[in-house]
Amino acid sequence: MRRSKISVIGAGNVGATCAHWAAAKELGDIVLFDIVEDMPQGKALDLAEAGPVEGFDGILTGTNDYKDTKGSDVVVITSGMPRKPGMTREDLFEANKQIITQVVSACVEQSPDAYIIMVTNPLDTMTYLAKHISGLPKHRVMGQAGVLDASRFRTFVSMELDVSVEDVQALVMGGHGDTMVPLPRYCTVSGIPLQELMAEERIQALIDRTRDGGAEIVKLLKSGSAYYAPAASVIQMVEAIVKDKKRILPCSAYLEGEYGLEGIYFGVPCKLGKDGVEKVIELSLNEQEQELVKVSAKAVGKSISSLNL
Ligand code: APR
């Protein structure tokens, strides 16, 4: 039986950390690609040399040649500019549009049957662009955002209540930006609704912190943006696909009528398995939640239209 082949494009902070998590979980053979000469080779070799200590097998290849990504089962795209303090994800639009256009066509030429998971920001727009450039069907192209946003919310809830992160479940929908929609009604602690455990104003404070979660890290790092949690989140999606786990995870998925939205990528709960995005789950939302979704969809739609495709 062949091991899965996972290519990670962009060997910077997020890409290299993706390779790290994927290798440690033995998800398959990993190819780390970057345009910077020798750097991905160095990182891949360094990571391979951690294998004997940590006890993971798998071939790790660093490269500047797309041919080495040939026949990938999953391609994770992290190439592009990260944010600097004061920037929104949307400010990365122009620079990353050029990079993603070129990277996606090069990847698909080598791996026409791959699943593509986008990480580059602005996320929903870059995922839309990836689908357009690749010509792949919607179940094969998705974006990572909701796993990270929900994980941030879960972290803050666990800190506030002083309980294990393992017991906190949360759901965040919408665009991966300032309009994201954390859904406290769907947040539970070991099955107990969050509202039973926390006052309304504290919940709202954690929602606000979640929305600003990326910016909070950017401000602290001063150069560059978050990468441990983003990378762990992508790898949870990769694992769901290569192990056909049928996980229910919030992802940026292409919508054709779900939630009343048409022709955009948007954060929604999905079933992820060997066929990629196998299903979009439609939740019943109350009026206030629907309104927040509408505002978020409008912002994402505006960004997508400015791709002028
Ligand atoms: N092809 C391949 N790699 C590229 C290209 C390209 N055309 N252009 C840039 N890169 C590489 C850079 O050389 C760099 O190694 O992408 C990498 C990006 O790494 P970092 O600068 O460390 O950025 P990172 O923190 O990993 O974020 C990458 O993910 O979360 C998002 O907003 C973030 O858009 C950003 C992306």
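**Entry 1. The ligand's neighbours.**
I began with the ligand and looked up what lies around it. Its surroundings hold 22 residues, and Asn13, Val14, Asp34, Thr78 and Asn121 come nearest. I note here that the model is a predicted one.

I then sorted the shell around the ligand by class. I found eleven nonpolar residues, ten polar residues and one charged residue.

**Entry 2. Which helix gives the most to the shell around the ligand?**
I checked the helices next. Helix 1 (13-24) and helix 4 (93-110) each supply at least two residues of that shell. Helix 4 gives the most, with four residues.

**Entry 3. Polar contacts.**
I looked for N or O atoms of the protein paired with atoms of the ligand, using a limit of 3.5 Å. I wrote down three pairs, one after another.

- Asn121 has a polar side-chain atom 2.9 Å from an oxygen atom of the ligand.
- Gln102 has an N or O atom in its side chain that is 3.0 Å from a nitrogen atom of the ligand.
- Gly80 takes part through its backbone, where a polar atom is 3.4 Å from an oxygen atom of the ligand.

I next asked how much of the ligand's accessible area the protein covers. On its own the ligand has 730 Å² of accessible area, and the protein covers 86% of this. I also looked up where the ligand sits, and found it in the largest pocket.

**Entry 4. The cis bond beside Asn121.**
I came back to Asn121, already listed among the residues that come nearest to the ligand. Its peptide bond to Pro122 is cis, and I read an omega near -5°. Pro122 belongs to the loop that runs between strand 5 (115-118) and helix 5 (123-134). I marked this bond because most peptide bonds are trans.

**Entry 5. Is phi of Ser190 positive or negative?**
I read a phi near 50° for Ser190, so the value is positive, in a residue other than glycine. I kept the entry because most residues other than glycine have a negative phi. As for its place in the chain, Ser190 is in the loop between strand 10 (188-189) and strand 11 (192-193).

**Entry 6. The chain as a whole.**
I left the overall view for the end. I counted ten helices and 14 strands in the chain. The C-alpha trace spans about 50 × 45 × 40 Å along its principal axes.

I then compared the radius of gyration with the one expected for a compact globule. For 309 residues that would be near 19 Å, and the chain has 19 Å, so the two agree.

Note on methods
Residues numbered from 1 in each chain as written. Predicted model: local features only at pLDDT ≥ 70, side-chain atom pairs only at ≥ 80, totals over all residues. Heavy atoms only, no water. Near = heavy atom within 4 Å. Polar contact = N/O pair within 3.5 Å; in protein donor to acceptor, adjacent residues only side chain to side chain. Areas by Shrake-Rupley, 256 points an atom, 1.4 Å probe, with all protein chains shown as cover. 1 Å grid on protein atoms, 1.4 Å probe; cavity = no way out; pocket = protein on both sides within 12 Å on 5 of 7 lines; lining within 4 Å. Sits in = over half its atoms within 2 Å of the grid points. Nonpolar A, V, L, I, M, F, W, Y, C, P; charged D, E, K, R; others polar. Rg over C-alpha atoms; globule rule 2.2 N^0.38 Å.
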